[in-house]
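Please look through the model shown here slowly, following the chain from its beginning to its end. The paragraphs below take up its helices in order, then the places where they meet.

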Amino acid sequence: PMDSEKVDLLKYTFLILILKAVLLSLEVPYAIVNLTKNDSNIFYISNFSFIIFLFLFVFMTNSLFNFYSLPVGLCLSQIINYYLIRNKAKDYLRDLRIL
């Protein structure tokens with residue numbers, strides 16, 4: 001049997017990763033808009049930013065957050081990724097006078 005501390009660790013990690021999945025699902029429509037433009041640069045930029053920010057966050061906060069540094073870093077990196085892709089898609093839609 002697992003002790004309550006490990007159950008809480010799993011529970012909170014799962015909740016943080018659910019938030020990351022929600023952000024990822026919100027990003028999909030904007031990614032589709034960017035794909036229609038045939039400009040892959042935003043995906044290179046956003047994914048590179050995701051990797052760099054995740055590495056820096058986990059490296060710098062590992063002693064502070066312990067086990068939570070990876071899921072929290074994933075979630076925060078996904079927020080940055082979401083905003084980069086969303087803003088690029090909104091710019092494209094504004095250029096087309098859709099927004």
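The bend at a residue is the angle between two axes, one fitted to the seven residues ending at that residue and the other to the seven residues starting there. With this in mind, and remembering that the model is a predicted one, we can begin with helix H1, which covers residues 4-36. A kink of about 35 degrees lies at Val-28 in H1, and the proline Pro-29 comes shortly after that point. How far apart are the end C-alpha atoms of H1? They are 48 Å apart, which agrees with the span of 48 Å that should result from 33 residues at 1.5 Å a residue.

Several residues of H1 are buried, among them Thr-13, Ile-16, Lys-20, Leu-23 and Glu-27, and also Ala-31, Val-33 and Asn-34. The buried residues of H1 pack against two other helices, namely H2, which covers residues 41-65, and H3.

Between H1 and H2 there is a loop, and Asn-38 lies in it. Most residues other than glycine have a negative phi. Asn-38 is not a glycine, and yet its phi is positive, near 60 degrees. Is Asn-38 buried or exposed? Its relative accessible area is 71%, and because a value over 50% counts as exposed, Asn-38 is exposed.

The chain then continues into H2, where there is a kink of about 40 degrees centred on Phe-59. The buried residues of H2 include Ile-42, Phe-43, Ser-46 and Phe-50, together with Leu-54, Phe-57 and Thr-61. What covers these buried residues includes H1 and H3. One of them, Ser-46, has a relative accessibility of 0% and therefore counts as buried. Leaving aside its neighbours within four places in sequence, Ser-46 is in contact with Asn-81, Leu-84 and Ile-85. Ser-46 and Tyr-82 are 36 residues apart in sequence, while their C-alpha atoms are 8.3 Å apart in space.

After H2 comes Asn-66, which is found in the loop between H2 and H3. Although Asn-66 is not a glycine, its phi is positive, at about 55 degrees.

The next helix is H3, made of residues 69-95. Its 27 residues, taken at 1.5 Å a residue, should span 39 Å, and the end C-alpha atoms of H3 are indeed 39 Å apart, so the two values agree. H3 is followed by Arg-97, which has a positive phi near 65 degrees.

Two residues of H3 show how this helix meets the others. Gln-78 is found in H3, and it is buried, with a relative accessible area of 2%. Leaving aside neighbours within four places in sequence, Gln-78 is in contact with Lys-20, Leu-23, Leu-24, Glu-27 and Phe-50. Ala-89 is also found in H3, and it is buried because its relative accessible area is 0%, a value under the 20% that marks the limit for buried residues. With the same neighbours in sequence left aside, Ala-89 is in contact with Tyr-30, Val-33 and Asn-34. Ala-89 and Ala-31 are 58 residues apart in sequence, but from C-alpha to C-alpha they are 7.3 Å apart in space.

How are two packed helices described? They are described by the angle between their axes and by the distance between the axes. H1 and H2 pack at an angle of about 160 degrees, with their axes 12 Å apart. Because angles over 145 degrees count as roughly antiparallel, H1 and H2 are roughly antiparallel to each other. On the side of H1, this contact is made by Lys-20, Ala-31, Asn-34 and Leu-35, and on the side of H2 by Ile-42, Phe-43 and Phe-50.

Finally, we can turn to the nonpolar residues. Which residues make up the largest nonpolar core? It consists of five residues in all, which are Ile-16, Leu-23, Phe-57, Val-72 and Cys-75. The elements that give two or more residues to this core are H1 and H3. Leu-23, one of the residues of the core, is in contact with Cys-75, Gln-78, Ile-79 and Tyr-82 when its neighbours within four places in sequence are left aside.

Methods. Residues are numbered from 1 along each chain as its sequence is written. This is a predicted model: local features need pLDDT of at least 70, side-chain atom pairs count only at pLDDT 80 or more; totals for chains, interfaces and linings use all residues. Side-chain values use heavy atoms; hydrogens and water are left out. Helices (H or I, at least four residues) and strands (E, at least two) are DSSP runs, numbered from the N terminus. Buried means under 20% relative accessible area, exposed over 50%, partly exposed in between (1.4 Å probe, protein chains only). Contact means heavy atoms within 4.5 Å. The expected span of a helix is 1.5 Å times one less than its number of residues. A nonpolar core is a set of buried Ala, Val, Leu, Ile, Met, Phe, Trp, Tyr and Cys residues joined through side-chain atoms within 4.5 Å. Axes are lines fitted to C-alpha atoms, for helices over the stretch in contact, and angles run from 0 to 180 degrees between N-to-C directions. Angles under 35 degrees count as roughly parallel, over 145 as roughly antiparallel, 65 to 115 as roughly perpendicular and the rest as oblique.
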